[in-house]
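Grab a pencil and open the structure viewer. Below are a few short exercises, each with a solution worked through in steps.

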Amino acid sequence: MMQLECICGNKAVFFTAGDRDDAGREYLELEDDDVLTVTIGEDSVVFQCKFCGHRYRLQQ
Ligand SMILES: [Zn+2]
């Protein structure tokens with residue numbers, strides 16, 4: 001399980017569903033997609049809090 005906590009206290013929880021891709025990597029799923037928007041770009045992933053609108057960028 002993986003958790004992201006926003007500055008506003010909103011928490012997004014990711015869990016593994018048990019499915020794996022061809023390389024054996026497990027898929028991460030967002031427990032509740034009402035709390036966070038995930039946008040996958042070319043070189044980064046952006047998480048946006050649905051409560052306060054704060055955005056986090058995870059660069060590859
Ligand atoms: Zn927030």
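One thing to start with: residues 24 or more positions apart make up 23% of the contacts in the protein chain that have a separation of 6 or more. Keep in mind that you are looking at a predicted model.

**Exercise 1. Take stock of the protein chain: how many helices and strands does the secondary structure come to?**

Step 1: Count the elements. You should get zero helices and six strands.

Step 2: Walk from the N terminus, and the elements read β-β-β-β-β-β.

Step 3: Put a box around the C-alpha atoms along the principal axes; it comes to roughly 35 × 25 × 15 Å.

Step 4: Check burial. Of the 60 residues in the protein chain, 7% count as buried.

**Exercise 2. Work out the sheet that contains β1: in what order do its three strands lie, and which of them stand at the edges?**

Step 1: Trace the order, which is β1-β2-β3, in an open sheet with antiparallel pairing.

Step 2: Look for strands with a single partner. β1 (2–5) and β3 (26–30) fit, so one side of each has no neighbour in the sheet.

Step 3: Look at the twist. Ignoring direction, neighbouring strands here are turned by 30° against each other on average.

Step 4: Now take the pairs one at a time. β1 and β2 are antiparallel over four bridges, and Gln3 has Val13 in β2 as its bridge partner.

Step 5: Follow the chain between those two strands. They form a hairpin with five residues between them, and Gly9 in the turn has a positive phi of about 95°.

Step 6: Move on to β2 (residues 11–20) and β3, which pair in the antiparallel sense over four bridges. Across this pair, Arg20 stands opposite Glu26 in β3.

**Exercise 3. Do the same for the sheet that contains β4: what is the strand order?**

Step 1: Read off β4-β5-β6, three strands in an open sheet with antiparallel pairing.

Step 2: Find the edges. β4 and β6 (55–59) each have a single partner strand, so each is left with one side lacking a neighbour in the sheet.

Step 3: Check the angle, which averages 20° between neighbouring strands of this sheet, direction ignored.

Step 4: Zoom in on β4 (residues 36–40) and β5 (residues 44–49). Five bridges hold this antiparallel pairing, and Val38 has Phe47 in β5 as its bridge partner.

Step 5: Find the link between them: a hairpin joins β4 to β5 through three residues.

**Exercise 4. Is Leu30 buried, exposed or partly exposed, and which residues is Leu30 in contact with beyond its sequence neighbours?**

Step 1: Place the residue. Leu30 sits in strand β3.

Step 2: Count its surroundings. There are 17 other C-beta atoms within 10 Å of Leu30. Buried takes 20 or more and exposed takes 12 or fewer, so a count in between is called partly exposed. Leu30 is therefore partly exposed.

Step 3: List the contacts, skipping neighbours within four places in sequence. That leaves Ala12, Phe14, Leu36 and Val38.

Step 4: Tie this to Exercise 3: one of those contacts, Val38, is the residue whose bridge partner in β5 is Phe47.

Step 5: Try a distance. Leu30 and Leu4 are 26 residues apart along the chain, and their C-alpha atoms are separated by 11 Å.

Key: Residues numbered from 1 in each chain as written. Predicted model: local features only at pLDDT ≥ 70, side-chain atom pairs only at ≥ 80, totals over all residues. Pairing = 2+ DSSP bridges. Axes fitted to C-alpha atoms, helices over the stretch in contact; angles between N-to-C directions. Contact = placed C-beta atoms within 7 Å.
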